[in-house]
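Good morning, everyone. I would like to walk you through one structure, going slowly through a few of its helices and then ending with a peptide bond.

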Amino acid sequence: MTTMAMPMANHRTWTIATVAAGLTLGFAYTLSPLTVLSLGVLAWAMRAASRGLSEGERRWFWSLIAAAVALRLAAIAALFLTADPSQPFASFFGDEELYKFRTVWIRNLAQQIPIAPSDAIYSVDAVGRNAYMYALALVQAVAGDAPYGLHVMNMTLYVCGVLALYRLARASYGTAVSFAGVIALLFLPSLIFWSISVLKEPVNVLMLAGELMCAVAIVRAPRVWQKALAAAGVVLLGMAMDSLRAGGLLTAALGTVGGISLAFVLARGRRLAGVLVAAPIAIAIVASSAAVQDRVLSNLRYGAHYHAGHVLTPGYSYLLLEPRHYFNRAYILNHMPPVEAGRFTVKAAWGYFAQPLPWQAQSRALLAYLPEQIVWYVMALLLPLGIVVGMRRDRALTSMLVMHAAGAMVLVAMTSGNIGTLIRHRSLAFPYLVWLSALGGHELVRLVVDRHGREGSGLDGDR
């Protein structure tokens, strides 16, 4: 009787657990359908990304991703529980309120639900408008109002983008490097909050991951039709990125064409030697053209003009021009001489990597950001070594990462002036750079260990 009772007891326990899980899931779905659907998609993506891993690697993978997801869900839950009851919802950032309100207004207009005239005007205002707002409006038309479910959905989009990049980096750079990149992308404090915001950054990470995979496939695909399909993917995803932020398509195009060209040149020593000889001559000939000089100067002036606008926005800023020019932006746009434009370019590149300077922190927020800024400095120092090693391991992927990052960095460096905006926009290049910096760190550790190993062997031999 005891032997027969045990299976019955186990069956009863399993039944109770199944019913309890079903009730919990149903209750959660009633409260927030979007949350349940998003977590279901995320669970599927995590399972797909863990395929083919060894037992030990799989344990590390699930531990890291589960911890990252739990941390984000706890932050979203805290936002919900600490919300002011007198307000319709709470948000992590001020810009999120604009997204949440405008997406509901757009949905209501589409469904012919009456709204206030002022809301109707703001819902179609050009300031801050992007395609993702309409996508969020469509989501809420299907799933209902989801001021907190949108946070979970964006978290899912971000983590899925990181998982796609992880699989791409793991195949080329190995387990240690890919895990280091995942840790940086999932656990740096600023990226944690951007990844759960109801803004365009999370979906942008997913899109850039897909676009990068398509760009690499152009080089690696064995058949012409596969290369053509990958090229179409680059164009479509680049257009989607451009609908979120101006310059997305340009970054995708320059990154892909530049990556293919760089990989092609580095594939043969003769090609590289030929380019090193021909490039300075070609640059000198092109630069001697008055039309080219005027166009370059015009673009630099426009970038400096845009930078000055960022400096004059609320918050903490950094200067790349003479202070007097910020009060006469028309001079920057129309009369700034080539010498000053050249100095602006050099300072912009330096500012992109160096700002905010630790000794110039002017607020508690900047002081709290200092540890992450130190991480950024370390990444920048490791980057050259990572690029050299990456070219030996996987020329195609490394070339794509370098050129895509360069495109994103130039667009941000030449227009930024507000420190908060710089930190936020610098994250556009972070998903490209982190793998190369991790590769540089891994190589540095290997060199140190090998050197100590050789020294130890020599001492043992002397003894």
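Let me begin with helix 14, residues 290-311, and with a small piece of arithmetic: at 1.5 Å a residue, its 22 residues should span 32 Å, and since its end C-alpha atoms are 31 Å apart, the two values agree. Please keep in mind throughout that this is a predicted model.

Which residues of helix 14 are buried? They are L297, L300, R301, G303, A304, H305, H307, A308, G309, H310 and V311. The buried residues of helix 14 pack against three other helices, namely helix 15 (329-335), helix 16 (338-354) and helix 19 (419-426).

Stepping back for a moment, the protein chain has 20 helices and zero strands, and of its 463 residues, 43% count as buried. Its C-alpha atoms fill a box of roughly 95 × 85 × 55 Å along the principal axes. If we take the contacts between residues at least 6 apart in sequence, 74% of them join residues at least 24 apart.

Now to helix 7, residues 149-173, where the same kind of arithmetic can be done: this helix has 25 residues and reaches 35 Å from its first C-alpha to its last, close to the 36 Å expected at 1.5 Å a residue. Because 22 of those 25 residues are buried, helix 7 is largely enclosed by the rest of the structure. Just after helix 7 comes G174, whose phi is positive, near 100°.

Next, a pair of helices. The axes of helix 10 (residues 201-220) and helix 12 (residues 248-266) come within 10 Å and cross at roughly 30°. Angles under 35 degrees count as roughly parallel, and that makes helix 10 roughly parallel to helix 12. The crossing of helix 10 past helix 12 is right-handed. On the side of helix 10, the contact is made by E211, A215, I218 and V219, while helix 12 brings A252, T256 and I260. What kinds of residue make up this contact of helix 10 with helix 12? Five are nonpolar, one is polar and one is charged.

Finally, the peptide bond I promised. Q355 and P356 are joined by a cis peptide bond, with omega about -5°, and P356 lies in the loop between helix 16 and helix 17 (364-393). As background for anyone new to these angles, most residues other than glycine have a negative phi, and most peptide bonds are trans.

Methods
Residues numbered from 1 in each chain as written. Predicted model: local features only at pLDDT ≥ 70, side-chain atom pairs only at ≥ 80, totals over all residues. Heavy atoms only, no water. Helix = DSSP H or I, 4+ residues; strand = E, 2+ residues; numbered from the N terminus. Expected span 1.5 Å × (residues − 1). Buried < 20%, exposed > 50% of the residue type's maximum accessible area, 1.4 Å probe, protein only. Contact = heavy atoms within 4.5 Å. Axes fitted to C-alpha atoms, helices over the stretch in contact; angles between N-to-C directions. Parallel < 35°, antiparallel > 145°, perpendicular 65-115°, else oblique. Left-handed = near helix turned anticlockwise from the far one by under 90°. Nonpolar A, V, L, I, M, F, W, Y, C, P; charged D, E, K, R; others polar.
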